[in-house]
Amino acid sequence: MKSVDEGNPLHFQDVTVELGGRPVLREISFALRPGEVLALVGPNGSGKTTLLRTAQGLVRPLSGEVRLFQRPVERWSFRERARLVAWVPQGEEPYENFTVEEFVTLGRYPTLGPFLPEGEADRKAVNDALREADLESLRGSGILRVSSGERQRALYARALAQGAPLLFLDEPTSHLDMAHQLEVFEQLDRFVSRGPSCAAMISVHDLNLACRFADRMAWLSRGRLVALGSPGETTTRERIREVFGVEMEVEQRGEKTVVLPPPVRSDPPPADPGALRVHLVAGGGSGEGILRALLTKGYQVTGAPVHVLDSDEVAFRRGNVPAPVVAPFAPLTERSREQHRRLLGAAQAIVVAPLVIGPGNLANLADLRPFVPVLPTFLVGGPPGTAGRDFSAGQGERAYEDLVVAGAVQVRGTAELMALLSACASDRGRASSRGTGGPAEVLPASGAAREDAPG
Amino acid sequence: MADPPRGAGPAVPLAVHRSRRAFGVLLGVLAITLVLSPVVGSVSTPPGDLVFFVARALTGTPVGTGSCPVPVYAGGTSVPCLVVEKVLVDSRLPEMFLAALVGAALALAGATLQGVFRNPLGDPYLLGVSSGAALGASALFLLGVGAALGSIYLPALAFLGAMGTAALVLLAARSPRTSTETLLLTGVALSSFFGALIALFISLRPQSALLPLTFWILGSFGGATWPQVELVLGGTLLAGTLLALHGRDLNVLQLGEETARGLGLSPPAIQRRLLLLASLVTAVAVAFNGIIGFVGLISPHVVRRLQGPDYRALLPLSALFGAIFLVLADDLAESLLGGGSLLPVGVVTSFAGAPFFLYVLYRRRGGGR
């Protein structure tokens with residue numbers, strides 16, 4: 001039992017908790033380190049709140065031991081515990097309409113007990129806490145009348161006024177807007193740097209907040225601690241799937257880990273006769289501007305294969321654009337080319353961004369070739385060779401010329417492209433209103449004529 | 001309401017200043033009320049006589065002895081002044097003091113119960129303690145001992161009934177599975193049950209024997225004696241002091257059980273102690289005078305609206321307000337019908353209390369802090 005380093009303010013050893021005969025925490029072992037912000041993450045019912053309550057002796061474990069400052073938690077009296085741990089529970093509703101100042105002053109109860117009058121030290125602690133939580137101007141306002149953000153700050157101020165080295169917070173951000181959520185974590189950062197044994201443990205739903213601010217994250221799933229470590233180490237796609245049962249993307253941005261909404265599957269979107277389905281061939285960020293313009297105008301967009309973490313891959317993901325992905329720097333796989341051809345089969349127009357062509361994406365142009373005669377195809381920017389975008393020893397340039405010969409239209413910029421596309425869409429609208437609509441019938445008349453269209 | 005202080009905190013929080021001032025004001029009002037009350041009443045004392053009686057009392061002249069320097073006649077009723085003095089000292093003064101003490105006791109019980117249950121309907125009625133007392137009293141009448149009225153039996157049985165009910169409720173509170181809501185409903189159920197029992201007793205007895213019981217149930221200070229005042233004073237002082245010491249505990253309880261525990265207070269233990277004290281103070285208050293409604297309910301609400309919810313101030317201020325309210329209500333009961341007819345003071349408290357309460361409730365609504 002004494003194997004773990006003794007300097008930690010809180011230590012769980014094989015803690016199992018049952019509530020109403022149901023196991024809520026199973027064999028949890030970990031230590032809260034001095035100076036850290038530890039975020040508890042996990043879905044509803046994973047045991048976050050119970051862990052926080054067990055940590056201060058509000059729940060008795062069935063087995064195992066919780067040690068608070070090197071002593072079993074149940075050996076501290078309630079009062080002593082309250083001087084070691086400040087607790088911000090979830091959804092506290094005071095019954096009486098205390099002023100904010102009175103409310104924060106109640107945080108001095110563990111020090112004062114029922115009878116002692118408030119002294120200079122207590123008033124100082126309260127005033128400092130009010131200042132830290134930016135509540136000085138509200139000290140005379142009723143706690144039931146202030147906004148929920150202000151009340152959350154008052155809860156935090158009361159916990160600060162307690163003067164305890166440990167701070168446990170249960171979902172303090174769930175009712176706050178983004179600015180106030182950030183504020184809570186910034187305050188926590190300041191709190192843990194106050195003293196050598198200060199530390200904070202907080203349960204949060206927002207993985208990005210946890211990743212950005214926590215020193216370590218504890219991942220709870222069905223009462224088990226499945227991972228504990230820095231956000232960068234522990235936050236992975238697989239873990240999010242395991243713990244939360246959802247598909248998310250995890251990205252590394254500088255030193256920080258970011259969790260993003262799930263990418264869409266590489267299937268064509270359901271047909272919508274109103275909007276033109278545009279297939280975009282891009283890479284290396286060449287398609288970002290075009291994609292934004294297309295999505296803004298309401299076109300349905302599909303994408304040609306892109307490499308994972310390529311900026312166009314990120315752009316596709318953001319825009320919920322279905323596109324096959326391949327591993328970074330690898331040549332296109334047969335599977336991705338097959339998916340590409342399927343997406344092309346469903347498209348009604350093709351746009352090729354001014355992309356850099358190399359051995360990795362040469363096949364994309366080759367796969368376009370059979371569709372050019374039947375679909376309006378627009379090549380944005382000049383031929384890759386002349387524009388210095390060909391890194392495939394001339395093969396890219398030749399594939400490009402092939403497309404032009406097959407009837408692809410060269411356009412100079414995004415504005416011109418959008419004008420031509422909208423012409424296509426209205427052509428198509430007329431065609432379908434005559435009842436004969438279909439991708440194969442909407443062919444560009446001649447490349448030269450289209451190039452003169454207003455930009 | 002004064003502006004909250006800005007910048008560095010004040011040496012003494014503003015709220016403390018305000019509650020001290022409020023305490024002084026209410027104490028002054030109570031003193032004035034007590035001094036002026038003898039002037040009204042079924043046997044009223046003119047102010048001039050009052051000064052004279054006080055002077056006599058200060059020189060240590062025994063009541064009803066010696067002679068009046070001028071034949072003073074009270075209120076033109078041709079009652080000799082020494083008789084008036086006797087009535088005042090033996091009957092009116094104990095009645096007033098008893099009213100003040102009972103008002104304070106009921107208000108303390110009401111404030112405590114509102115705090116323990118975190119419920120605005122907190123009132124001595126709520127726990128069934130008042131009904132228990134009434135059951136005890138009516139049992140006496142059923143047994144036919146009603147003839148021995150004025151004896152110690154009535155208050156003794158009322159007190160037993162009150163404490164018995166309190167014991168039942170506290171027994172229920174001992175179980176850790178009993179929530180405060182369950183306790184509250186237990187009290188309501190007991191009240192209802194006892195009410196039915198009392199109605200049954202009444203229907204079993206001839207009407208003539210029941211007049212004292214009716215008066216008792218409606219609440220009245222008629223027949224108050226100094227020994228009663230001493231007993232009620234002792235009980236109220238004891239329980240009141242102990243309750244007042246729990247002001248900060250009550251404040252912490254307002255944050256909910258979870259937070260209270262987090263702050264180092266164990267709610268069930270404190271709640272049981274507070275319930276016991278509230279029951280005691282209620283039992284003392286209803287034993288001699290019967291059930292007087294509304295004082296316990298409205299006093300804390302009025303004080304809360306004027307002064308805020310800090311129980312350290314709320315408890316003593318409610319006690320003062322309850323005392324003033326009940327002395328005034330008794331004055332009204334004494335003088336309203338005139339001609340020596342007595343109105344039960346419980347009727348007055350409800351008559352005056354309900355509209356006043358509604359006024360306070362709606363005037364401040366939305367204004368608040």
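Domain bounds here come from an automatic or database domain assignment. Keep that in mind as you open this predicted model and start with chain A.

**Stop 1: the two halves of chain A**

Select 10–260 of chain A and colour it as domain 1, then give 277–451 another colour as domain 2. Put a pseudo-atom at the C-alpha centre of each domain, and the distance between the two comes out at 51 Å.

**Stop 2: the mixed sheet**

Now show the strands S6-S7-S8-S3-S9-S10 of chain A, in that order: they make an open six-stranded sheet with mixed pairing. Which strands are at the edges? They are S6 (85–88) and S10 of chain A, each of which pairs on one side only. Sight along the sheet and you'll be looking at a twist that averages 15° from one strand to the next.

Zoom in on S3 (residues 37–41) and S8 (residues 199–203) of chain A, a parallel pair joined by four bridges. Pick Leu38(A), and opposite it in S8(A) you'll find Met201(A).

Next, bring in the helices that sit on this sheet. H6 (residues 148–162) of chain A touches S6 and S7 (166–170) of chain A, and its direction makes about 170° with that of S6(A). H7 (residues 178–192) of chain A packs on the sheet too, against S3, S7 and S8 of chain A, with its direction at about 155° to that of S8(A).

**Stop 3: a hairpin**

Slide over to S9 (residues 216–221) and S10 (residues 224–229) of chain A, where five bridges hold an antiparallel pair. Click Trp219(A), whose bridge partner in S10(A) is Ala227(A). Two residues lie between the strands of this hairpin, and Arg222(A) in the turn has a positive phi of about 45°.

**Stop 4: the parallel sheet**

Still in chain A, select S14-S13-S17-S18-S19, which is the strand order of an open five-stranded sheet with parallel pairing. S14 (300–303) and S19 (409–411) of chain A are the edge strands with a single partner strand each, so one side of each has no neighbour in the sheet. The twist here averages 25° from one strand to the next.

At the S19 edge, S18 (residues 377–380) of chain A pairs with S19(A) in the parallel sense over three bridges. Label Phe378(A) and Val409(A): they are bridge partners, the latter in S19(A). Then show H11 (residues 288–296) of chain A, which lies across S13 (277–281), S14, S17 (349–352) and S18 of chain A and runs at about 170° to S13(A).

**Stop 5: where the chains meet**

Turn on chain B. How many residues does each chain bring to the contact? Chain A gives 32 residues and chain B gives 29. On the chain B side, the elements giving two or more residues are helix H9 (247–253) and helix H10 (257–262) of chain B. Colour that side by class and you get ten nonpolar, eleven polar and eight charged residues.

**Stop 6: helix packing in chain B**

Select H4 (residues 129–142) and H5 (residues 153–174) of chain B, which pack at about 140° with their axes 7 Å apart. Angles over 145 would count as roughly antiparallel, and that angle makes H4(B) oblique to H5(B). The crossing is right-handed. Among the residues meeting here are Gly132(B), Ala133(B) and Gly136(B) from H4(B), with Leu157(B), Gly161(B) and Ala162(B) from H5(B). This contact counts 13 nonpolar, five polar and no charged residues.

Keep H4(B) selected and add H11 (residues 267–289) of chain B: their axes come within 9 Å and cross at roughly 40°. These two helices are therefore oblique to each other, and the crossing is right-handed. On the H4(B) side, show Val129(B), Ser130(B) and Ala133(B); on the H11(B) side, show Ser279(B), Thr282(B), Ala283(B), Val286(B) and Ala287(B). The classes are five nonpolar, three polar and no charged residues.

Last pair: H12 (residues 295–307) and H13 (residues 311–336) of chain B, with axes that come within 8 Å and cross at roughly 125°. They too are therefore oblique, with H12(B) passing H13(B) in a right-handed crossing. Contact residues include Val302(B), Val303(B) and Arg304(B) of H12(B), and Leu317(B), Phe321(B) and Phe325(B) of H13(B). By class, this contact holds ten nonpolar, four polar and one charged.

Conventions
Residues are numbered from 1 along each chain as its sequence is written. Chains are lettered from A and ligands numbered from 1 in the order in which they are written. This is a predicted model: local features need pLDDT of at least 70, side-chain atom pairs count only at pLDDT 80 or more; totals for chains, interfaces and linings use all residues. Two strands pair if DSSP finds at least two bridges between them. Two residues are in contact if their C-beta atoms, placed from the backbone, lie within 7 Å. Ala, Val, Leu, Ile, Met, Phe, Trp, Tyr, Cys and Pro count as nonpolar, Asp, Glu, Lys and Arg as charged, and the others, Gly among them, as polar. Axes are lines fitted to C-alpha atoms, for helices over the stretch in contact, and angles run from 0 to 180 degrees between N-to-C directions. Angles under 35 degrees count as roughly parallel, over 145 as roughly antiparallel, 65 to 115 as roughly perpendicular and the rest as oblique. A crossing is left-handed if the near helix is turned anticlockwise from the far one by less than a right angle, and right-handed if clockwise.
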